[in-house]
Amino acid sequence: MTYPIEKIRADFPILAQKIHNKPLIYLDNAASCQKPNQVIDCLSDFYRQDYSNIHRGVHTLSQRATDKYEQARDKVKKFINADSEKEIIFVRGTTEAINLIAQTFGRANIGKNDEILITAMEHHSNIVPWQMLCQQTGAILKVAPINKQGELIYDKFESLISDKTKLVSVVHMSNALGTVNPVKKIIAAAHAKNIPVLLDGAQAIPHMSVDVQDLDCDFYVFSGHKLYAPSGIGVLYGKQALLNTMPAYQGGGDMIRTVSFEKSTYSTLPYKFEAGTPNIADTVALGAAIDYLNTVGMDTIAAYEYELLIYATAKARQIGGLTIVGDAAEKGAILSFTLDKIHPHDIGTMLDSVGIAIRAGHHCAMPVMDFFNVPATARASFAMYNTKAEIDVLMEAIQELMTVFG
Ligand code: C6P
């Protein structure tokens with residue numbers, strides 16, 4: 001079957017515009033991707049017809065809104081093949097999910113001189129919450145190194161797993177390099193020593209099918225806005241047995257069973273971790289984004305985006321003075337690069353002037369920039385709606401930059 005690219009592009013109204021009189025080429029999808037009509041319409045229909053607070057009212061709208069919110073949970077559960085909807089906690093995004101785990105699982109299970117093992121390619125969201133926990137508890141953050149291709153040095157990683165390791169927390173796919181980590185191997189090695197594993201799935205989830213039971217990860221976290229859904233909604237998956245042992249995170253409405261001034265008791269999963277009125281409409285729209293992705297199929301999307309990556313990489317290699325940052329054998333649809341004599345921010349500004357949106361900066365992964373000894377990179381990141389023709393325009397624009405300024 002041919003990939004329905006025309007139909008897909010028509011579903012994303014924002015793509016049809018011009019920027020500086022040139023057709024928009026949106027290649028900043030790793031930062032946040034665009035939304036299809038199906039998600040936009042779901043959001044506006046929900047506010048027009050069904051909106052109310054949830055889990056509280058007996059009136060029709062409240063029941064309708066509650067049903068749609070819980071249906072979204074069921075869609076997420078099926079999308080990542082969780083065992084139960086109790087394992088799906090709605091949060092603001094990846095960042096909040098990791099902070100939640102650090103402050104609940106971490107505070108309860110990780111003490112002085114215990115170790116948390118991460119990798120050198122983590123996003124700040126999978127570094128700073130652990131540093132905060134270490135400051136609070138006296139635990140130690142261990143960092144497994146990467147090589148010049150941007151791959152985890154697996155043997156070094158394994159040798160850092162010790163009797164003191166209480167959690168392994170690694171990125172599934174790096175936002176700065178595109179590297180896809182050997183997560184099954186990592187999980188098996190950690191589980192052999194009874195250590196739970198958290199996967200930061202922020203970048204992986206829009207690019208591949210994720211099956212948390214097959215992976216056997218203990219936690220999997222991601223953000224809706226990188227999955228064609230609105231910002232402000234994300235998911236924390238955790239194995240039920242583990243979530244049950246964890247203390248509550250925030251206290252407030254909806255997470256309690258009983259409250260008196262002497263003592264409060266807490267609700268069961270997943271509500272124990274969802275204090276206060278949640279982001280109702282965006283959760284429902286996350287469900288619509290998942291429906292949309294399912295109509296195309298994650299495996300189909302993965303194969304298409306891989307073709308884009310291979311195509312872009314081959315073209316980039318032909319440009320003199322362009323260095324690809326992150327050349328792992330296992331990679332997702334991200335191309336980070338530098339150009340001789342042109343600062344990445346200037347690349348970003350100059351590409352914008354011809355309608356091309358990329359990200360330039362440290363990508364919230366400063367240690368990765370330090371490792372490669374660059375202040376920043378330019379990053380083109382591809383989504384299900386990008387085309388080879390767009391990559392041609394990008395590469396021609398980069399070649400032009402090199403001719404004029406390089
Ligand atoms: N990376 C990027 O341009 P939030 O902001 O909570 O939705 O996601 C944080 C996050 C965590 N882990 C990884 C691997 C990520 O890529 C991100 C977000 C964006 O690369 C914004 S910095």
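Here are some questions and answers about this predicted model.

Q: How many residues does each of domain 1 and domain 2 bring to the contact?
A: Start with the split: the domain assignment gives domain 1 as 5-31 + 297-404 and domain 2 as 41-294. Over C-alpha atoms, the centres of these two sit 28 Å apart. As for the contact, it takes 37 residues from domain 1 and 33 residues from domain 2.

Q: Which residues of helix H5 are buried, and within what arc do they fall?
A: H5 covers residues 128-137, and its buried residues are Pro129, Trp130, Leu133, Cys134 and Thr137. Look down the axis of H5 and these buried residues line one face of the helix, because they fall within an arc of 140°.

Q: Which helix and which strands do the buried residues of H5 pack against?
A: We've just seen that Trp130 and Leu133 are among the buried residues of H5. The partners of those buried residues are helix H4 (94-109) plus strands S5 (115-119), S6 (140-144), S7 (165-171) and S8 (197-200).

Q: Which residue follows H5, and what is its phi?
A: H5 runs over residues 128-137. What comes after H5 is glycine 138, with a positive phi near 85°.

Q: Which residues come nearest to the ligand?
A: There are 17 residues around the ligand. Asp200 has a polar side-chain atom 2.6 Å from a ligand nitrogen atom, and Ser223 has one 2.7 Å from a ligand oxygen atom. Both are in the group that comes nearest, which is Thr95, Asp200, Ser223, His225 and Arg359.

Q: What share of the ligand's accessible area does the protein cover?
A: Histidine 123 also has an N or O atom in its side chain at 3.4 Å from a nitrogen atom of the ligand. On its own, the ligand has 510 Å² of accessible area, and the protein covers 87%.

Q: Is glycine 224 buried or exposed?
A: Glycine 224 is in the loop between strand S9 (219-223) and strand S10 (234-238). Its relative accessible area is 1%, and the cut-off for buried is under 20%. So glycine 224 counts as buried.

Q: Which residues does glycine 224 touch, leaving out those up to four places away in sequence?
A: Leucine 177 is 47 residues from glycine 224 along the chain, and their C-alpha atoms are separated by 21 Å. The residues that glycine 224 does touch, with that sequence cut applied, are Ala229, Pro230, Ile233, Gly234 and Leu286.

Conventions
Residues are numbered from 1 along each chain as its sequence is written. This is a predicted model: local features need pLDDT of at least 70, side-chain atom pairs count only at pLDDT 80 or more; totals for chains, interfaces and linings use all residues. Side-chain values use heavy atoms; hydrogens and water are left out. Buried means under 20% relative accessible area, exposed over 50%, partly exposed in between (1.4 Å probe, protein chains only). Helices (H or I, at least four residues) and strands (E, at least two) are DSSP runs, numbered from the N terminus. The arc is that of the directions from the helix axis to the C-beta atoms. Contact means heavy atoms within 4.5 Å. A residue is near a molecule or strand if one of its heavy atoms lies within 4 Å of it. A polar contact is a pair of N or O atoms within 3.5 Å; within protein, one must be able to donate a hydrogen and the other to accept it, and residues adjacent in sequence count only if both atoms are side-chain atoms. Accessible areas come from the Shrake-Rupley method with a 1.4 Å probe; for residues, only the protein chains shown count as cover. Domain bounds come from an automatic or database domain assignment.
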